[in-house]
Amino acid sequence: MNGMVARSIKNAGMMILMGVATLLVLTPLILIFFHIVKEGAGAINLDFFTQIPNPPGESGGGMANGLVGSAILLFMASLFGIPTGIFGALYLSEYEGNRLANIIRFSADVLSGVPSIITGLVAYTLIVVPMHGFSALAGAVALGLIIIPIVLRTTEEQLKMVPGTLREASLALGVSFWRTTLQVTLRSALKGIVTGILLSIARVAGETAPLLFTTLGNQFWGRKLTEPMAALPLQIFNFAISPYADWHRLAWAGALVLVVIMFGLSLVARLFGRQKPMT
Amino acid sequence: MNQFHYDSVEATVSHDEQVRDIDSARGFSGDRIFKMITLGFASSIILILLLITVGMAVESVPALKQFGWKFITGSNWDAVQGQFGALPYIWGSIVSSLLAIIIATPLSVGTALFITEIAPGKLGGAIASLVELLAAIPSVIYGLWGILVMAPWLQRTVEPFLVDHFGFLPFFRGAPYGVGMLAAVIIIMIMIIPIITSITKEVLLAVPKSQKEAAVALGATRWETIRMAVLPYGRSGILGAVVLGLGRAIGETMAVTMVIGNAPQISLSLLDPAYTMPSVIANEFAEATSKLHSAALMEIGLILLVLTLLINIMARVLIWGVTRQRSAGGHI
């Protein structure tokens with residue numbers, strides 16, 4: 001009986017410890033969220049979306065060039081990252097079972113664990129050095145390299161959920177394999193794939209390290225893709241480490257906008273991805 | 001479902017062969033071309049991985065030639081004199097990541113257990129989605145919070161307290177700067193907890209009910225069930241999650257750069273500023289003018305790459321092992 005009491009006490013103690021661990025984990029996370037919303041909401045105004053940053057010491061200004069720059073970078077990165085991911089995934093899901101597919105799958109998983117700053121170094125070597133200058137193009141390549149493995153793996157998951165009977169039905173009608181893959185398999189999985197793509201773009205939208213020595217950042221409007229371009233995460237970084245209170249306020253506003261964009265994208269993705277499960 | 005899928009793939013492959021015969025008879029092979037195209041895109045992954053490794057190795061050749069092993073053991077980093085020793089950065093990366101992972105692991109596993117075993121209903125679900133939501137916040141925003149909110153708080157409140165009460169230990173000596181190793185450890189910890197927690201949660205959910213029921217039937221309390229049935233079953237998966245967290249911790253760049261103080265020194269005190277491998281690349285690479293300087297930074301990148309590749313391969317093997325175990329366990 002005594003043993004039972006001891007066991008109960010130990011049980012209760014462990015339950016409490018787990019509760020405490022959860023509280024300890026949640027507290028800083030909630031604090032961060034609280035500060036982003038509080039400081040960001042206080043600093044945001046119309047100028048933020050329409051003006052470029054003012055010189056240090058002058059109040060006001062915005063991050064319009066960073067917002068546009070980020071949008072351009074993400075668009076260009078998607079342009080080559082998404083098709084590569086999708087076509088690669090078609091190979092993995094439709095010709096699975098061979099050793100090469102397993103190696104590719106493994107490489108993709110390993111690649112998505114490579115620190116993003118390394119991707120920046122690679123884009124620097126590939127684009128910045130041969131072109132003799134920092135450019136938006138190099139930043140887009142760095143971001144694209146990050147997008148590829150994410151899109152590849154999520155798309156493969158979606159393609160594998162398409163029932164084999166659908167493929168067989170199409171093949172039995174005499175449709176060739178490649179047409180079946182593109183028009184039946186890919187089409188059936190389209191919703192899930194779009195969801196995965198939106199989520200991967202949301203993830204990459206906040207990447208800063210790969211842009212540091214590729215896109216470099218720009219205090220003004222960048223006019224060409226071969227020139228340095230402003231990007232929202234870069235501006236948040238540069239303004240956060242500056243000594244000016246006004247720039248700190250802009251950084252908080254930028255952080256709030258970035259978080260809202262990212263969460264908005266993943267919310268859209270999740271709503272869009274809500275489909276009836278196929279039987 | 002799974003079994004069926006494999007059957008169907010075999011069926012499509014044999015069909016593929018037939019179609020290929022017909023098509024090639026017509027002098028056109030859509031399927032073959034299609035396979036080559038998709039294969040081309042898929043193998044670009046391997047190509048990228050090779051390109052990254054080889055590219056960085058080639059770029060760091062000048063530093064490799066000049067310094068050899070002294071690059072890793074030397075601690076003098078002077079761009080003007082052309083002297084480059086990376087030890088302070090390696091030290092900073094390893095110490096900050098290890099300390100962060102040591103604190104983060106029990107907290108993450110505790111939270112994952114709380115979500116899956118104690119409050120598996122709505123509360124657990126809400127906590128899980130909150131944790132997942134916060135895992136998506138970018139590094140630079142953690143850094144912004146770290147430098148503008150956490151560091152001043154550390155400087156005013158926490159560090160004076162540590163110096164007053166634990167100042168006799170070598171770990172808590174020096175002036176309270178706010179930014180430094182302590183701030184880096186805390187920010188890395190906050191950032192990797194959501195990742196470890198959500199993977200551990202998945203691993204715990206994969207533990208078969210029969211395991212737990214057996215323990216409960218023997219009269220085990222909740223904790224005993226967790227200790228005897230749940231944790232042993234998920235052990236390698238949890239280890240995989242921790243190792244993956246370690247990989248993230250070592251590669252973490254922006255937030256660490258913003259709070260670690262960026263001073264290349266090896267100090268036992270957690271209050272002192274330090275430096276990490278990704279941070280020095282982030283701070284110096286764009287401004288590196290001499291060939292040797294950028295080669296040295298590339299070599300630091302190469303060391304970082306090799307470390308994270310090894311860590312990630314280890315984590316994947318561990319986690320893949322669990323997944324296979326899970327599908328095997330499903331039939332019992």
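Which are the buried residues of H10(A)? In this predicted model, they turn out to be Leu232(A), Pro233(A), Leu234(A), Gln235(A), Ile236(A), Phe237(A), Asn238(A), Phe239(A) and Ala240(A). The views below start from that helix and then move outward.

**View 1. Helix H10 of chain A sits largely enclosed by the rest of the structure.** Nine of the nine residues of H10(A) are buried, so the rest of the structure largely wraps around this helix. Both chains help with the covering: chain A brings in helix H3 (64-94) and helix H11 (245-273), while chain B brings in helix H7 (139-166) and helix H11 (254-259), and these are included in what lies over the buried residues. Helix H10 (residues 232-240) of chain A is also where confidence in chain A is highest, at a mean pLDDT of 95. At the low end for chain A comes helix H4 (residues 99-111), with a mean of 90.

**View 2. Here is Ile236(A) with its neighbours from two chains.** Leaving aside residues up to four places away in sequence, Ile236(A) touches Ala251(A), Gly254(A), Ala255(A) and Leu258(A) in its own chain, plus Val140(B), Ile141(B) and Leu144(B) across in chain B. Zoom out a little and you meet the largest nonpolar core, which has 180 residues. Ile236(A) is among those with the most contacts inside this core, along with Ile141(B), Ala183(B), Ile187(B) and Val259(B). As for who supplies the core, the largest share comes from helix H8 (residues 181-205) of chain B, with 18 residues.

**View 3. This is the contact between chain A and chain B.** Each side puts in a matching number: 77 residues from chain A and 77 residues from chain B. On the chain B side, helix H2 (residues 30-59) gives the most, with 20 residues. Sort that chain B side by class and you get 50 nonpolar, 21 polar and six charged residues.

**View 4. Ser188(A) is a partly exposed spot on a helix.** You'll find Ser188(A) in helix H8 (residues 177-188) of chain A. Why does Ser188(A) count as partly exposed? Because it has 18 other C-beta atoms within 10 Å, and a buried residue needs 20 or more. Setting aside residues up to four places away in sequence, Ser188(A) touches Val162(A) and Leu166(A). Ala41(A) is another matter: its C-alpha atom is separated from that of Ser188(A) by 42 Å, and the two residues are 147 apart along the chain.

**View 5. Two domains of chain A meet here.** The domain assignment splits chain A into domain 1 (2-43) and domain 2 (50-273). Their C-alpha centres lie 34 Å apart. Where they do meet, six residues of domain 1 are in contact with seven residues of domain 2. The domain 1 side of that meeting point divides into four nonpolar residues, one polar and one charged.

**View 6. Stepping back, chain A is built from helices, with zero strands.** There are eleven helices in the chain. The C-alpha trace spans about 75 × 70 × 35 Å along its principal axes. Chain A has a radius of gyration of 24 Å, whereas a compact globule of 279 residues would come in near 19 Å. Buried residues make up 49% of the chain. Among contacts in chain A with a separation of 6 or more, 72% link residues 24 or more positions apart. As for confidence, chain A averages a pLDDT of 91, and 97% of its residues score at least 70.

Technical notes. Residues are numbered from 1 along each chain as its sequence is written. Chains are lettered from A and ligands numbered from 1 in the order in which they are written. This is a predicted model: local features need pLDDT of at least 70, side-chain atom pairs count only at pLDDT 80 or more; totals for chains, interfaces and linings use all residues. Domain bounds come from an automatic or database domain assignment. Ala, Val, Leu, Ile, Met, Phe, Trp, Tyr, Cys and Pro count as nonpolar, Asp, Glu, Lys and Arg as charged, and the others, Gly among them, as polar. Helices (H or I, at least four residues) and strands (E, at least two) are DSSP runs, numbered from the N terminus. The radius of gyration is taken over C-alpha atoms; the globule rule is 2.2 Å times the number of residues to the power 0.38. A residue is buried if 20 or more other C-beta atoms lie within 10 Å of its own, exposed if 12 or fewer, and partly exposed in between; C-beta atoms are placed from the backbone. pLDDT is the predictor's confidence in each residue, from 0 to 100. A nonpolar core is a set of buried Ala, Val, Leu, Ile, Met, Phe, Trp, Tyr and Cys residues joined through C-beta atoms within 7 Å.
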